[in-house]
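Q: I am new to this structure and would like a close look at a single strand and what pairs with it. Please then carry on into the parts around the rest of the model, so that I can connect them.

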Amino acid sequence: MSDSKYTGQDFKVVGTRVKRPDGLDKVTGRARYGADMNAPGQLVGLMLRSPYAHAKIKKIDTSKAEKLKGVKAVITSKDLPDLTDGNAGLYDTLENCMARDRALYDGHAVAGVAAIDKSTAKKALKLIKVTYEKLPHVTDVDEALKPDAPAVQPRYAQEGQPSNFMSQGVFGHGDIDQGFAEADVIVERSYKTGQTHQGYIEPHACVATLSPDGSGELWVTTQGHFSYRNTCAQLLGLDFAKLKVTSSEIGGGFGGKTHVWMEPIALALSRKANRPVKMVMSREEVFKASGPTCSTSMEIKLGAKKDGSIVAASAVCRYMGGAFPGIWGTLGGMTAFACYNIPNNKAVGVNVLCNRPKVAAYRAPSAPMMAFGVESTMDQLAKELNIDPVELRLKNVAREGTLAPYGPVWGPIGIEPTLEAVRKHPHMKAKLGKNQGRGVACGFWFNIGGQTCSDLNIGADGTVNLTVGTIDVGGARASLGMIAAEELGIAYEDVRVNIGDTSSLGHNDTTEGSRGTFSSGMAAIFAARDAVEILKSRAAKMWQIPVESVVWEDGTAKAMGAEHGNLPPLSLKEIAAKAGNTGGPIAGHHEATADGAGVSFASHIVDVEVDPETGKTQILRYTVVQDAGKAIHPQYVEGQFQGAAAQGIGWALNEEYIYGDDGRLQNAGFLDYRIPVCSDLPNIDTKILEIPNPSHPYGIRGVGETSIVPPLGAIGNAISNAVGVRMNQVPMSPPRILKALDDAMADANSSEVA
Amino acid sequence: MSGVHVTTTINDDPIEYVCPADESLLDVLRDRLGLMGAKEGCGTGDCGACSITLDGQLVCSCLVLGAEAEGRSITTVEGMASGEKLHPLQKQFIDNAALQCGICTPGFLVASKALLDENPDPTETEIRYALAGNLCRCTGYDKIVKAVQAAAKDLRKQNKKK
């Protein structure tokens, strides 16, 4: 096994601000995203979707649609036999891709068509007759846990539990009852958070080609083409090796492109029509039928001594996972108190079903909601104790050696340094005006490693192709090229990084959990070291000396020892030029399950101004401090911090799925589901702390997710400091803030009267 | 539906096409003419990913019919660079890391150019409001605003020399 310990080396390429290889294509309109591919003879695929939140599908009559000229294939669940062989998760995916006996949410696919053009496909959809029998539905997480709530998935209902209770994760240590008994001050609060969507600007899109012999190709926008390949092949009874999946440029994912949605249906339509089928979701379909994040409701309780030592903490948070079981509550439970060292703590994350689309990951999935509750309660505790909120956090901060609530003992971690940096930041001393307030909050995310396989090939001219199987959402090709260049001792410009398709590399796990640069970076290092061994042996051959006498330094082979000392070094280019005569192509390879992902922490500062007339909150100033581990490309790391903070700001202030009493989504578009626009935000200042991850040769942690965690709590705290009302529901939208202000006014008036 | 014959100008090139009367200009550009720089993010004029200019005016091409282009002059992101030379906005977007996934980038470039054509020295607030019709989910806009400011400076320098 390769040594993955941090080496503390000095870097030449890593840490600089090179240009990304895909930049030119992306500014000229040439980059090809999911919808930018066409295949010869391609058909247009469209989906018919349920207009009901919950309904029995009694009959689907496709005969008229099939007879329409130009329609080449129509598919219902009858065309998708259950090949999942008892694999419950896979069956869930099958059922989510196309409803079987029941439609489980507004937008659930019930039939698909492939036709010669879009207008014919649209006409065909209208000719499909579905006979539904409406069933009672539930879309609210608390309603779903009531004893008389309609069962979303009767097959998962458990004896003695509400039918929509799926599972729960319980984490922590110590004895919370004893802890709270010892506390001088206890603060207990309830919160709710709305369901949000990742809001990637590129809708799901693919071009599927599947031949009757079971061989096929899929061009698709995805965060994990290998897992898409495996899932599609399993659902359709194909051999993995015969389905080649190529990931397009991806127009944002944030977790939402980690699962298949309509791709297996596109392949099934293609197989039936024996022609390529292109499917592109509309924005409405993206909102209704891809994988948003959970809505939640929770109770958070903190107990502290008068000196500010927190002696007990408890959290119970219910996560609405949509119509299929997930692990979202479990993940949230693990993150609840990760920033702190609390002797007695317990967090419960409950997984709940509702008649809403199947939830997918969204950037640090499940952590922002829990952090909203914990960080809001933390500030209220600080107020009760009359201690500065930053000081309270620092007093109870987790450090190296602290037992993490979910089991491990922390190694070197960055929460304390981020809080120290916040305390010293000039932002904290800036003056505030009327109706303005400042808030601080912290956040944690795990980051993951996972299966990774990379190839590095050196051309005859000494330039290098690194082929990786993780996809590039935000500049990973640049970072990975820098890492390979660093390791080989050559210029960044001499390395070109490509994303390989599923037939060109071994399995790579989906690019999620901020694993891309961590794991493919590790694989790039070891593939490069593999190639260096070959380069050394070729140099030895060229010099006709033993390979043991050759070392690799600064991109050159050097001969060691007095007897070889006068041999001039051989550069990588010189060795590559002779490869044909010294044993053939020079390449390196690495495959492994990358362990040792480094956890990451962030602390944010935000200033807001609340307009008491309208309830609108304006973000005046925002500062992100995050521990990134080694920042390979600092500019792109800043970009991750800023983007994550902006998503958190949207979540905190505006974004929310709104369901009507009929169980239908009322705001499935960017006009009514409002993500932050340019004029909503100020510049977002960033401070990168580089606390190396000891389990990665370059000290890399993940950077992409953590900074979506603190904004909800930070903004809630800032609003409270601005106008004196504590918001217990996200989004903290103008109507909710106005109501809170009115309620506070009414309370004040009634106490005056009394 | 019978087609409409359209004669128009796109990025200074004379172009002719036939499209159904109800087809959007965005679909014409992408599916008939192979100009895939403009993207469909929403199809309802909310995201700006399909931004183009029509007779110099910034529009969402998803809200314009292909048939409406008759006799007009269209510019798209494909027309921004001249030969090997990138437009200063394109260069500054790369240099300032103003793109991550890049799907919104063509729309932002077209919208930014429309702004700078009108107002060569915009304030930060003017830039932020001018670009408020373009959604970006990756960057938080910070680096986009900085790239536009840098490009505006480049363009002012360029124009002084002329």
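A: In this predicted model, strand β21 of chain A, residues 556-559, has two faces: Ala557(A) and Ala559(A) make up the covered one, whereas Thr556(A) and Lys558(A) make up the uncovered one. Strand β20 (residues 550-553) of chain A pairs with β21(A) in the antiparallel sense, over four bridges, and Glu553(A) has Thr556(A), a residue of the uncovered face, as its bridge partner in β21(A). Two residues lie between the strands in the hairpin that β20(A) and β21(A) form, and there Asp554(A) takes a positive phi near 50 degrees. β21(A) is also joined by two bridges to strand β22 (residues 570-571) of chain A, and the two run antiparallel; here Ala557(A), from the covered face, stands opposite Leu570(A) of β22(A).

A hairpin in chain B can be read in the same way. Strand β3 (residues 51-54) of chain B pairs with strand β4 (residues 57-60) of chain B in the antiparallel sense over four bridges, with Val59(B) of β4(B) as the bridge partner of Ile52(B). This hairpin has two residues between its strands, and Asp55(B) takes a positive phi near 50 degrees. β3(B) pairs in addition with strand β5 (residues 73-75) of chain B, in the antiparallel sense and over two bridges, where Leu54(B) has Ile74(B) as its bridge partner. As for confidence, the mean pLDDT of chain B is 97, and 99% of its residues reach 70 or more, while the model as a whole scores ipTM 0.98 and pTM 0.97.

Back in chain A, seven strands form an open sheet with mixed pairing, and their order is β3-β5-β1-β12-β9-β10-β11. β3 (71-75) and β11 (243-247) of chain A are the edge strands, each of which pairs on one side only, and the twist from one strand to the next averages 20 degrees. Within this sheet, strand β1 (residues 43-49) of chain A and β5(A) pair in the antiparallel sense over six bridges, and Met47(A) stands opposite Gly112(A) of β5(A). Helix α4 (residues 118-127) of chain A packs on the sheet, where it touches β1, β3 and β5 of chain A, and its direction makes about 30 degrees with that of β1(A). Another helix that meets β5(A) is α3 (residues 88-97) of chain A, in which Thr93(A), Leu94(A), Glu95(A), Asn96(A) and Cys97(A) are buried; the buried residues of α3(A) pack against β5 (109-115), and also against α7 (225-236) and α8 (263-273) of chain A.

Strand β12 of the same chain leads to one residue worth a closer look. Met281(A) lies in the loop between β12 (277-280) and α9 (283-289) of chain A. Why is Met281(A) counted as buried? Met281(A) has 22 other C-beta atoms within 10 Å, and a residue counts as buried if that number is 20 or more. Apart from its neighbours within four places in sequence, Met281(A) is in contact with Pro203(A), His204(A), Ala205(A), Met262(A) and Val286(A).

Chain A also holds an open sheet of six strands, in the order β7-β15-β14-β13-β8-β27, again with mixed pairing. Its edge strands are β7 (165-173) and β27 (729-730) of chain A, each pairing on one side only. Strand β8 (residues 185-193) of chain A pairs with β27(A) in the parallel sense over two bridges, and Val730(A) of β27(A) is the bridge partner of Thr193(A).

Two helices of chain A, α11 (residues 367-385) and α19 (residues 711-723), pack at an angle of about 35 degrees with their axes 7 Å apart, and the crossing is right-handed. Among the residues that make this contact are Phe372(A) and Glu375(A) of α11(A), together with Leu712(A) and Gly716(A) of α19(A); the residues of the contact divide into four nonpolar, five polar and two charged.

Finally, the two chains meet in a contact that takes 41 residues from chain A and 41 residues from chain B. On the side of chain A that touches chain B, the elements giving two or more residues are α1 (23-28) and α18 (634-653) of chain A, with the largest share, seven residues, coming from α18(A). The residues of that side of chain A divide into 18 nonpolar, 16 polar and seven charged.

Notes. Residues numbered from 1 in each chain as written. Chains lettered and ligands numbered in written order. Predicted model: local features only at pLDDT ≥ 70, side-chain atom pairs only at ≥ 80, totals over all residues. Contact = placed C-beta atoms within 7 Å. Nonpolar A, V, L, I, M, F, W, Y, C, P; charged D, E, K, R; others polar. Buried ≥ 20, exposed ≤ 12 C-beta atoms within 10 Å, placed from the backbone. Pairing = 2+ DSSP bridges. Axes fitted to C-alpha atoms, helices over the stretch in contact; angles between N-to-C directions. Left-handed = near helix turned anticlockwise from the far one by under 90°. pLDDT = per-residue confidence, 0-100.
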